[in-house]
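User: Please take a close look at how one pair of packed helices fits together, and then at what lies around it. Careful wording and explained terms would help me, as I am in my first year.

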Amino acid sequence: MMAVLTGTSLTVAERLAEFAVQALLDEVNLTPKPALVDQRGSGAHDDLSLELMEHSAQSLFPMFKAMAQAAEKYGTVCQSLREEIGHIGRQGEKQMLQVTQGINTHRGAIWSLGLMVTATALTLEKQKRLTVPNLCRLAGKIACLEDRFIPVQALTHGQKIRQQYGINGAKQQAQQGFPVIVQYGWPQLCLSRSKSISESHARLDSLLAMMSQLTDTCVIYRAGLSGLEQMQDGAKYVLASGGSSTLKGQQALQQLEHNLLAIRASAGGAADLLAALLFLDSISRTDHKILKDD
């Protein structure tokens, strides 16, 4: 599955946007993900499909490009940059909703991946190392700045969960520097790769590692705290059983999916973080000189 642009005559902003879209495409096509949209079907969702998710991802290319350009313009973390990418993100969400006819496919990913694209563009400007921890830390600094122009609107599912349970959601995960990625998703991806298993299994294991730790408000909204516990315990058991590449791990993964489908719970927050991790992984393994070559 290829992203929007191909070839070598791309600007830095276009290259970063292409990496971001590709990460979204790679995430949704990763199979089998427990109760999430993948190549088998719609998981726990009645209103989503693989094709819809792919169209949605492609529609976000101009938004990611504009965010990278904003980072190049300001060159540092500042209030103006935070508010400009916030405005760009809201415009990107409108475009997404037009493509999906009002279905929320990537609102969470717009937040997390938008921060990652912005952080990467800033890091390239300063000629610093493109490592997963460094980029997450910088993305967190951006997220800690409040956008004074966020319009008053109905609470998101994540905000409702925070009010009801006092549980932090995607905003707080970002402001903390994406600890679930840095402490669990990224190390698990590296560990699984060291075992010489397939890349798909390594990515599934990294998703499970994040599912085992994340207070995923998407799951809580659909299935309450008991649903969250089922997700976390089930993901831990898959990994304890050897991971998605082993027979025992695959059996545990099938059981986890069965349990999540039964309660209509979808780990959408973890899926958004997986897309962010796949973006960071691709960026960190690409020579920054190549990224900046026209």
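Analyst: In this predicted model, the crossing of helices α6 and α13 is right-handed, a term used when the near helix is turned clockwise from the far one by less than a right angle, whereas an anticlockwise turn would be left-handed. The contact is made by Val132, Leu135 and Cys136 on the α6 side and by Leu280, Ile283 and Ser284 on the α13 side, where contact means heavy atoms within 4.5 Å. By class, these residues are 5 nonpolar and 1 polar, with no charged ones; Ala, Val, Leu, Ile, Met, Phe, Trp, Tyr, Cys and Pro count as nonpolar, Asp, Glu, Lys and Arg as charged, and the others, Gly among them, as polar.

Two packed helices are described by the angle and the distance between their axes. For α6 (residues 132-143) and α13 (residues 268-284), the angle is about 125 degrees and the axes are 9 Å apart, the axes being lines fitted to C-alpha atoms over the stretch in contact, with angles from 0 to 180 degrees between N-to-C directions. The two helices are therefore oblique to each other, since angles under 35 degrees count as roughly parallel, over 145 as roughly antiparallel, 65 to 115 as roughly perpendicular and the rest as oblique. Helices here are DSSP runs of H or I with at least four residues, numbered from the N terminus.

Turning to α6 itself, its 12 residues reach 16 Å from the first C-alpha to the last, close to the 16 Å expected at 1.5 Å a residue, the expected span being 1.5 Å times one less than the number of residues. Its buried residues (under 20% relative accessible area with a 1.4 Å probe, protein chains only) are Val132, Leu135, Cys136, Leu138, Ala139, Gly140, Ile142 and Ala143. What covers them includes α4, α5, α8, α9 and α13.

Arginine 82 belongs to α4, and it counts as buried because its relative accessibility is 8%. Leaving aside residues up to four places away in sequence, arginine 82 touches Trp111, Ile142, Ala143, Leu145, Glu146 and Asp147.

As for how to read all this, residues are numbered from 1 along each chain as its sequence is written. Local features need pLDDT of at least 70 and side-chain atom pairs count only at pLDDT 80 or more, while totals for chains, interfaces and linings use all residues, and side-chain values use heavy atoms, with hydrogens and water left out.

Note on methods
Buried means under 20% relative accessible area, exposed over 50%, partly exposed in between (1.4 Å probe, protein chains only).
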